[in-house]
Structure formats: C-alpha cells, structure tokens
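Hello,

Here is the structure we talked about handing over. Please open it and keep it beside this email while you read.

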Amino acid sequence: MVMVSGTKIGEEIGTGRSEVWRLVQQLRSLGVEVEGHPATGYRLRAVPDLLLPDVLEPLVMGTQFTQIHHYYKIGSTNEAAMDAAGAGAPEGGVFLAEEQTAGKGRGGNPWHSARSSGIYCSVILRPQVPPSDALVLSLAAGLAVQSAIRSIDSRLKPDLKWPNDVLIDGKKVCGILTEMNAEATRVRHIVVGIGINVNQRKFPDEVSETATSLLLASGSVWSRVELVAALLKSLDREYRDLVATPGDHDSILRRFGEGSSYVRGRKVRVEENGGFEGVTDGLDARGFLRVRSGDRVRTVLSGTVRPFVG
Ligand code: BTN
C-alpha cells in the first residue's frame with residue numbers, strides 16, 4: 001500500500017493535517033496499524049479483525065440479522081439486547097462486542113471476554129411460541145455454531161454437550177446463554193447470547209483445564225468477521241425453518257442427537273437435585289436430556305452435565 005500525505009487525506013475528508021494526525025492516533029488506539037507521521041504521510045499496514053457493522057452487514061445481506069450494533073467495550077451483550085428488546089427493538093437485532101466487562105455464563109458464572117479474541121454476540125428473537133419451546137431454540141443455536149465452525153474448517157469436529165456447550169477434543173469452545181421475557185403461555189422476546197473462544201492463546205487459571213479456542217484447536221488464527229458472518233447465516237437458516245415448518249422441532253432434536261456424543265449412551269454426572277450419575281438416554285419431546293440412573297430414567301431440566309469416569 002502506498003504512502004499518502006496528511007494533506008491529501010485531509011482534503012478527501014474535508015479537514016486539516018492536524019485533525020488527520022489526531023484521527024490516525026485514534027485509529028491506532030483501536031488496533032488499526034497505520035505507519036508514518038505528519039512529515040512522511042501515512043500507510044495502512046493492516047486492518048484489524050473488528051466486528052464492525054459496515055464490514056459485516058454486506059456479508060449477512062438477505063438474512064434477518066442485518067441490524068448490527070457494535071461495542072468496543074460493554075458489560076454484557078445479553079444485557080444490552082434484553083434492554084433493547086424490552087424497549088421494543090425489533091426481531092433480528094444483533095449485539096456484538098469486542099470486550100465484555102461483565103460477560104454472563106449459565107448458572108450465574110462469569111464468561112471471560114478478553115478484548116478482540118473471542119466472539120461475544122447476542123441476537124433478539126420474537127418467536128410466536130410458548131416459553132416451553134425456548135429450549136429447542138437454544139439447541140438450534142448450538143447446531144448453528146457447530147455448522148458455522150465446520151463450514152470454515154472441516155477438519156475440526158465440534159461436539160455438542162447438552163444443552164448448549166460446543167466442545168472440541170472435550171474442551172469448551174463455545175457457550176450459549178438463552179434468556180427470555182415471557183408470559184405463562186407466550187414468549188415476548190428471547191435473547192440468544194453466544195460466546196465463542198476464537199483466537200485466545202491462553203485462558204485464566206479457573207478455566208484453563210476446561211476451555212479451548214479455535215486457534216488452539218486448529219493451529220491457526222481465525223477471522224472473527226468470517227466466523228460471525230457464517231454464524232449469523234446458519235442461525236438464520238435454523239430459525240427460519242423452526243418458525244416456518246411445524247416438523248422442524250423434531251428435526252432439531254434429531255440433528256442435535258446426531259451432532260452430540262453426549263445425548264445417548266454416555267456415562268455422565270448431573271449436578272442437579274444433589275447430583276446423580278447415569279447413562280444418557282436421548283432427548284424427550286421438549287428437548288430435555290434423559291438419563292438412565294439405576295432402574296429409573298430421570299429427566300435433566302437445568303443441571304450441568306459432565307462426563308463421568310468411574
Ligand atoms: C455458558 O455459560 O456456557 C454461556 C456463556 C454465554 C456467553 C455469551 S457471550 C455473549 C453473551 N453475552 C453474555 O453476557 N453472555 C453471552
């Protein structure tokens with residue numbers, strides 16, 4: 001790329017050289033690699049992999065997810081999306097952040113959300129369904145993540161752990177937190193929050209044994225822009241089919257079972273009602289996990305499921 005003088009850039013955008021210098025400094029603080037200074041002119045060395053609406057929107061054209069909101073730093077994209085949905089924001093809004101300072105995981109756990117290394121994404125949905133259908137929607141989001149990862153690197157074999165984790169080589173690469181505002185019989189809105197570990201090289205001590213990233217699993221750096229675009233496209237396909245086709249509910253349960261090594265015949269420990277061990281025995285019609293424990297089959301409603309070696 002060529003060197004361009006500050007004066008020339010200033011003319012293009014209708015400002016002076018000193019303002020151009022200020023803007024260049026601002027771009028650098030955001031991670032854009034710009035070489036040079038006012039005396040030499042400037043050269044763009046590398047554009048960072050930021051999840052900017054202007055970059056993403058053309059890539060997801062034709063889906064329902066073209067209303068993209070981007071934050072450099074936010075508490076939680078799920079909180080932002082829930083607030084916006086509560087204030088009447090339409091279905092299809094996407095909230096993306098480079099960094100979360102209070103990322104939320106399931107069960108009140110934090111979600112580590114280091115700057116620009118992961119994907120922190122929440123979408124607003126307004127399906128006309130009873131609250132009991134939210135679980136299937138959440139399982140569908142797991143399928144969408146699995147297929148987005150495979151579409152970019154078919155060598156990876158992401159596994160689904162009920163209800164919402166995506167694992168590679170037994171370690172967690174993605175978590176999904178689905179939150180809902182509902183009446184007893186009717187959903188008002190749902191926010192599906194997806195956290196994907198993309199380019200992390202290491203993790204905080206508390207999760208270093210159990211977490212992995214796409215970089216660690218594949219050995220190369222991933223484009224987060226490409227992955228978010230693939231994710232929104234596969235989420236769009238899953239969601240459209242789910243709301244348009246009555247039989248799609250069963251197709252999601254079947255495909256989740258096929259894409260998961262946990263759904264059937266797996267020895268697990270379930271952290272629910274004091275905890276118990278058993279062997280998984282498929283999903284019930286609503287998407288809850290069945291576990292055979294002794295001579296009875298128990299239905300896991302919300303507990304954490306872990307592989308059990310014993
Ligand atoms: C889990 O515990 O497995 C769920 C993690 C969900 C994390 C995502 S990151 C984007 C969205 N915003 C949040 O605060 N949480 C979800």
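**The ligand and its surroundings**

A polar atom in the side chain of Ser76 lies 2.8 Å from an oxygen atom of the ligand. Keep in mind that this is a predicted model.

Two further polar contacts are worth displaying. At Thr77, an N or O atom of the side chain is 3.1 Å from a nitrogen atom of the ligand. At Lys104, the backbone supplies the polar atom, and an oxygen atom of the ligand is 2.7 Å from it.

How much of the ligand does the protein bury? On its own, the ligand exposes 410 Å², and the protein buries 97% of that. As for location, the ligand sits in the largest pocket.

Which elements give two or more residues to the shell around the ligand? They are α4 (77-86), β5 (118-125), β8 (171-182) and β9 (187-197). β8 provides the largest share, with four residues.

There are 20 residues around the ligand. The ones that come nearest are Ser76, Gln100, Lys104, Arg106 and Lys172. By type, the shell divides into six nonpolar residues, 10 polar and four charged. Two of the nearest residues thus return from the contacts above: Ser76, with its side-chain atom at 2.8 Å, and Lys104, with its backbone atom at 2.7 Å.

**Backbone points to check**

Start with the loop between β6 (159-161) and β7 (165-168), where Pro163 lies. The peptide bond that joins Trp162 and Pro163 is cis, with omega at about 0°.

Then move on to the loop between β7 and β8, which holds Asp169. Phi of Asp169 is positive, near 50°, and this residue is not a glycine. β8, on the far end of that loop's name, is the strand that gives four residues to the ligand shell.

**Helix α2**

What span does α2 reach? This helix covers residues 17-29, 13 in number, and runs 19 Å from its first C-alpha to its last. That is close to the 18 Å expected at 1.5 Å a residue. Gly31 follows α2 and has a positive phi, near 100°.

**Where to look**

For a quick pass, begin at the ligand in the largest pocket. Go next to the cis bond between Trp162 and Pro163. Finish with the positive phi values at Asp169 and Gly31.

Best wishes

Terms used: Residues numbered from 1 in each chain as written. Predicted model: local features only at pLDDT ≥ 70, side-chain atom pairs only at ≥ 80, totals over all residues. Heavy atoms only, no water. Expected span 1.5 Å × (residues − 1). Near = heavy atom within 4 Å. Polar contact = N/O pair within 3.5 Å; in protein donor to acceptor, adjacent residues only side chain to side chain. Areas by Shrake-Rupley, 256 points an atom, 1.4 Å probe, with all protein chains shown as cover. 1 Å grid on protein atoms, 1.4 Å probe; cavity = no way out; pocket = protein on both sides within 12 Å on 5 of 7 lines; lining within 4 Å. Sits in = over half its atoms within 2 Å of the grid points. Nonpolar A, V, L, I, M, F, W, Y, C, P; charged D, E, K, R; others polar.
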